[in-house]
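I opened this notebook to keep track of what I looked up in one structure, entry by entry. I wanted to begin with a pocket and then work outward to the chain that holds it.

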Amino acid sequence: MSAEAEGYPAEIQEQLTGFESSVGVINSMLQTMVSMPRNDLLQKLDPLDQAKLDLMSAYTLNSLFWMYLVTRGQNPREHGVKQELERIRGVMTRVKDITDRKKAARLDKGAAARFLRHALYDAEEGRAKRPTPGRAPKTPTPQTGHAPKTPAPQTGRALKKPTPQTGRAPMTPTPTKKPRKK
């Protein structure tokens with residue numbers, strides 16, 4: 001039977017065929033969902049998957065209602081279903097962000113430190129290639145063959161000079177090093 005004989009133009013035959021196959025797929029999925037009790041289905045899922053299932057169900061029902069309004073000749077943009085679909089899309093975006101955050105790579109600080117330590121290790125000398133930050137490199141002197149002793153960094157506090165008014169030093173000493181941030 002031709003499209004013209006059924007009362008619709010031939011140009012939309014392909015779109016109607018696609019719509020019919022989509023409705024068949026939705027119907028088979030819906031039969032699968034309805035055949036199993038909802039509580040049994042939810043018990044098998046973790047909370048994130050339960051939220052995804054609920055969102056998918058709500059979005060599907062609202063989308064079908066949108067299509068129903070269109071077939072009845074009503075404008076769904078003026079109906080409350082539009083706001084509900086936007087709300088559900090927003091929640092779906094948040095769930096997707098949570099899922100993406102779970103899948104994101106995490107830095108293992110211990111492993112990173114081991115990589116760096118081994119990358120800077122010099123097998124011939126049996127020590128790190130680079131000196132520890134904040135210390136001068138120790139190289140042997142030609143006279144002794146030993147590395148010279150470097151003075152230890154000043155960790156004490158230096159006192160201020162006496163003031164001309166009192167002849168005494170102020171009560172609070174000034175630190176020579178900045179305190180470390182934790």
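Which residues line the largest pocket? I noted, before reading off any names, that this is a predicted model. The lining consists of I26, M29, L30, M33, V34, M56, S57, T60, L61, S63, L64 and M67.

**Entry on the pocket**

I looked up how much space the largest pocket holds, and the value came to about 400 Å³. Next I asked which elements the lining is drawn from, and I found that helix α2, residues 13–35, and helix α4, residues 47–71, each give at least two residues to it. Helix α4 provides the largest share of that lining, with seven residues. When I sorted the lining by class, I counted nine nonpolar residues and three polar ones, while charged residues were absent.

**Entry on L61**

One of the lining residues is L61, and I wanted to know where it sits and whether it is buried or exposed. L61 belongs to helix α4, and it counts as exposed because its relative accessibility is 60%, which is over the 50% cut-off. I also looked up its distance to L85, which lies 24 residues away along the chain, and the C-alpha atoms of L61 and L85 turned out to be 9.8 Å apart.

**Entry on N62**

What does N62 touch, once residues up to four places away in sequence are set aside? N62 is a residue of helix α4, and its contacts on this count are V81, E84, L85 and I88. Its relative accessible area is 16%, which is under 20%, so N62 is buried.

**Entry on A58**

I then turned to A58, which is also placed in helix α4. At 25% relative accessibility A58 is partly exposed, because that value falls between the cut-offs of 20% and 50%. I compared its position with that of E84, and although 26 residues separate A58 and E84 in sequence, their C-alpha atoms are 9.2 Å apart in space.

**Entry on T99**

For T99, I first confirmed that its place is in helix α5. T99 has a relative accessibility of 13%, and it is therefore buried, since the cut-off is 20%. Leaving out residues up to four places away in sequence, I found that T99 touches L48 and K52.

**Entry on the whole chain**

How many helices and strands does the chain have? I found six helices and four strands, and from the N terminus on their order is α-α-α-α-α-α-β-β-β-β. The chain has 182 residues, of which 10% are buried. Its accessible surface is about 16300 Å², and carbon and sulfur atoms account for 58% of that area. I also looked at contacts with a separation of 6 or more, and 22% of these join residues 24 or more positions apart.

**Entry on confidence**

Finally, I looked up how confident the predictor is in this chain, and I found a mean pLDDT of 76, with 63% of the residues at 70 or more. Among the elements, helix α5, residues 81–103, has the highest mean pLDDT, at 92, whereas strand β3, residues 157–158, has the lowest, at 51. I noted beside my earlier entry that T99 lies in helix α5.

Key: Residues are numbered from 1 along each chain as its sequence is written. This is a predicted model: local features need pLDDT of at least 70, side-chain atom pairs count only at pLDDT 80 or more; totals for chains, interfaces and linings use all residues. Side-chain values use heavy atoms; hydrogens and water are left out. On a 1 Å grid over the protein atoms alone, a cavity is a set of points where a 1.4 Å probe fits but cannot get out, and a pocket is an open set with protein on both sides within 12 Å along at least five of seven lines; lining residues have an atom within 4 Å of a point. Grid points are joined across faces, edges and corners, and a volume is the space filled by probe spheres set on the points. Ala, Val, Leu, Ile, Met, Phe, Trp, Tyr, Cys and Pro count as nonpolar, Asp, Glu, Lys and Arg as charged, and the others, Gly among them, as polar. Buried means under 20% relative accessible area, exposed over 50%, partly exposed in between (1.4 Å probe, protein chains only). Contact means heavy atoms within 4.5 Å. Accessible areas come from the Shrake-Rupley method with a 1.4 Å probe; for residues, only the protein chains shown count as cover. pLDDT is the predictor's confidence in each residue, from 0 to 100.
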